[in-house]
Amino acid sequence: MLNVTDLGEGTPILWVHGFPFASSIYENQLAIRSVRHVMPDLPGFGQSRPPIAETSGTVSMDTYARLMLDLLDHRGIDRAIFAGLSMGGYICFAMARLAPKRMRGLILLDTRETADTEEGRKGRYDSIEKVKQAGVKPIVDSMLPKMLTPRAPREMRDRLREIMSSASPDGVIAALGAMATRPDSSPLLPEIHVPTLILVGEQDPITPPTDSERMAAAIPGSQLVRIPGAAHVSNFEKSSEVNRAVATFIAKV
Ligand code: MLT
């Protein structure tokens with residue numbers, strides 16, 4: 001059973017979190033009015049236990065995407081705006097491939113459409129070994145500095161650490177494997193024909209603005225908004241700016 005926050009009334013937005021976060025990475029987005037916020041913790045993250053188990057033993061972006069589509073079914077939601085931060089974006093692409101008709105709009109936050117490079121993939125497998133030996137702390141320690149700009153307040157950094165530290169080793173290992181084997185979503189982009197908003201922190205070192213510019217050029221009619229003073233988790237660091245852009249977008253969907 002997934003832990004899900006389901007609040008508000010209006011157009012449903014399915015907020016899919018990134019790695020290694022939880023639905024609470026979107027806690028500041030709950031301030032956006034006139035929408036139904038559906039925010040699940042992916043298996044093995046936040047309060048969703050136990051971690052994912054598939055008969056084949058392998059977890060892919062499609063595995064997460066199917067879980068998200070099942071969740072919409074259980075909640076009686078036919079079509080939703082799919083919103084994904086980073087790995088959440090990879091999952092939204094998988095959902096768009098599996099069930100394009102269920103996507104009413106798309107919000108891509110600090111993400112990219114490309115697959116991992118050979119070097120990136122190797123890094124994922126090295127990280128899996130690290131987690132097996134030492135748990136999630138080394139992953140949190142190495143990723144945290146890239147998530148926020150150096151100007152982010154200390155309490156914000158502490159809260160982010162808390163969210164990241166709620167991930168379980170099994171959940172992290174599954175997600176690392178799924179990210180390493182995810183397909184290139186470039187061929188999908190010209191086929192996206194729903195309103196699309198792309199947001200990126202101007203100082204995002206993980207999925208930099210050049211990634212978002214490339215996606216914006218490939219998705220017909222999409223809108224790109226750069227968030228000044230934000231790094232990788234732009235919605236967390238600069239929530240007012242992001243919420244404003246999302247609210248304006250939703251009014252048009
Ligand atoms: C994320 O924020 O979900 C991850 O940084 C994505 C990635 O490592 O590719």
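**View 1. An open sheet of 7 strands in a predicted model**. Follow the strands across the sheet and you will meet them in the order β1-β3-β2-β4-β5-β6-β7, with mixed pairing. The edges are β1 (4–7) and β7 (223–227), each of which pairs on one side only. Between neighbouring strands of this sheet the average turn is 15°, direction ignored.

**View 2. Strand β1 beside strand β3**. Here we zoom in on one edge of the sheet, where β1 meets β3, residues 35–40. The two strands run antiparallel and are joined over 4 bridges. Look for Leu 7, whose bridge partner in β3 is His 37.

**View 3. Helices α2 and α9 against the strands**. Helix α2, residues 87–98, lies across β2 (11–16), β4 (80–85) and β5 (103–109). Its direction is at about 145° to β4. Helix α9, residues 239–252, also packs on the sheet, where it touches β2, β3, β4, β5, β6 (196–201) and β7. The direction of α9 makes about 175° with that of β6.

**View 4. Tyr 64 and its surroundings in helix α1**. Helix α1 spans residues 61–74 and includes Tyr 64. Is this tyrosine buried or exposed? Tyr 64 counts as buried because its relative accessibility is 0%. Setting aside neighbours within four places in sequence, Tyr 64 contacts Leu 42, Pro 43, Ile 52, Val 59 and Ile 91, along with Gly 171, Ala 174, Ala 175 and Ala 178. For a sense of scale, try the pair Tyr 64 and Arg 124: they are 60 residues apart along the chain, and their C-alpha atoms are separated by 18 Å.

How values were computed
Residues are numbered from 1 along each chain as its sequence is written. This is a predicted model: local features need pLDDT of at least 70, side-chain atom pairs count only at pLDDT 80 or more; totals for chains, interfaces and linings use all residues. Side-chain values use heavy atoms; hydrogens and water are left out. Buried means under 20% relative accessible area, exposed over 50%, partly exposed in between (1.4 Å probe, protein chains only). Contact means heavy atoms within 4.5 Å. Two strands pair if DSSP finds at least two bridges between them. Axes are lines fitted to C-alpha atoms, for helices over the stretch in contact, and angles run from 0 to 180 degrees between N-to-C directions.
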